[in-house]
Amino acid sequence: MKIFLDTANLESIKKFNDMGLLDGITTNPSLMSKEGGNPKDAMGEITKIIKGDVSLEVVSTDYSGMIEEGKRLREYGDNVVVKVPMTPDGLKACKTLSSQGIPVNVTLIFSANQALLAAKSGAKYVSPFIGRLDDVGQDGMKLISDIKKIFKNYEDSIDTQILVASVRHPVHVVDAAKIGADVVTLPPTVLDKMLLHPLTKIGLENFLADWEKLKAGNPDIKI
């Protein structure tokens, strides 16, 4: 399963990319606003740092505006995936952009029906928001399972990837991997939590303490 970072924060992107963990980035207007500054500068920098797909989102809600913005966003790099909303105009824009060789990520998906329609319109990615479904008492992970089952039934005609979004905690990541989702995009805070475990810290402290004991009797010893 590929791991994307859901952020526009350059420091976090560089941090995790240097670890070799990132396959791509997803952004949206809210994340851009959170970082402040000129979003054009941020988008240009992100597409240079990351070799994999970078989802940049349109802000227009009408078809012609999405097409215009989508083409401009694509100019930031060949790795740009244009993100459009799951609306009638969004699907129409997805069809047009995809037919012109511009990959599209259809976002704000909350049902299997929406995912199926987005795939039919030519989306490279569909982004179901599991955390937001959980927030309103629905089972976000069941949606991922349903979409996976549907897409698998039509492997010859659907090559759209399932991009699990609105991830709230590491358990979401494990569950998505068990189901077989193609991609999970997560905020830096969740990826940080995935790195840590108290037993890892305790184990390392014990190893280092034992090494110091060994050195006490052999001052010149080296690894």
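In the predicted model, strand E4 (residues 80-85) and strand E5 (residues 104-109) run parallel and are joined by 4 bridges. Within this pairing, Pro85 has Thr107 of E5 as its bridge partner. Strand E5 also holds Leu108, a residue other than glycine whose phi is nevertheless positive, near 60 degrees. The relative accessible area of Leu108 is 33%, which makes this residue partly exposed.

The pairing of E4 with E5 belongs to a closed barrel of 8 strands, which runs in the order E1-E2-E3-E4-E5-E6-E7-E8 with parallel pairing. From one strand of the barrel to the next, the twist averages 30 degrees. In total, the secondary structure of the protein comprises 11 helices and 8 strands. The C-alpha atoms fill a box of roughly 75 × 40 × 35 Å along the principal axes, and 45% of the 223 residues count as buried. Among contacts between residues at least 6 apart in sequence, 56% join residues that are at least 24 apart.

Strand E1 (2-6) was examined with its two partners in the barrel. On one hand, E1 is joined to E8 by 4 bridges, the two strands running parallel, and Ile3 finds its bridge partner in Val184 of E8. On the other hand, E1 pairs with strand E2 (residues 24-26) over 3 bridges, again in the parallel sense, and here Leu5 stands opposite Ile25 of E2. Of the 5 residues of E1, 4 are buried, so that the strand is largely enclosed by the rest of the structure.

Helix H10 lies across both E1 and E8, and its direction makes an angle of about 105 degrees with E8. Helix H10 also meets helix H1 (residues 10-18), the two axes coming within 11 Å and crossing at roughly 30 degrees. At this angle H1 is roughly parallel to H10, and the crossing in which H1 passes H10 is left-handed. The contact is formed by Ser12, Lys15 and Phe16 on the side of H1, and by Pro188, Leu191, Asp192 and Leu195 on the side of H10.

Helix H8 takes part in two helix pairs, which were compared through their axes. Two packed helices are described by the angle between their axes and the distance between the axes. For helix H6 (residues 112-120) and H8, the axes come within 9 Å and cross at roughly 40 degrees. Angles under 35 degrees count as roughly parallel, and H6 and H8 are therefore oblique to each other. The crossing of H6 past H8 is right-handed. Helix H6 contributes Ala112, Ala115, Leu116 and Ala119 to this contact, while H8 contributes Leu143, Asp146, Ile147, Ile150 and Phe151.

In the second pair, the axes of H8 and H9 come within 10 Å and cross at roughly 20 degrees. This angle makes H8 roughly parallel to H9, and the crossing is right-handed. The residues in contact are Met141, Ile144, Ser145 and Lys148 of H8, together with His172, Asp175, Ala176 and Ile179 of H9.

Two of the H9 residues in this contact, His172 and Ala176, are also among the buried residues of the helix. In H9 (residues 170-179), His172, Val173 and Ala176 are buried. Viewed down the axis of H9, these buried residues fall within an arc of 100 degrees, so they line one face of the helix. The elements that cover them include helix H7 (130-135), helix H8 (140-153), strand E7 (161-164), strand E8 (183-186) and helix H10 (188-195). The cover of H9 thus includes both helices and strands, with E7 and E8 among the strands.

Backbone conformations with positive phi were also found on either side of H9. Ser166 lies in the loop between E7 and H9, and its phi is positive, at about 60 degrees, although this residue is not a glycine. With a relative accessibility of 14%, Ser166 counts as buried, whereas Leu108 of E5 is partly exposed. Just after H9, Gly180 likewise takes a positive phi, here of about 100 degrees.

Definitions and conventions. Residues numbered from 1 in each chain as written. Predicted model: local features only at pLDDT ≥ 70, side-chain atom pairs only at ≥ 80, totals over all residues. Heavy atoms only, no water. Buried < 20%, exposed > 50% of the residue type's maximum accessible area, 1.4 Å probe, protein only. Arc of directions from axis to C-beta. Contact = heavy atoms within 4.5 Å. Pairing = 2+ DSSP bridges. Axes fitted to C-alpha atoms, helices over the stretch in contact; angles between N-to-C directions. Parallel < 35°, antiparallel > 145°, perpendicular 65-115°, else oblique. Left-handed = near helix turned anticlockwise from the far one by under 90°.
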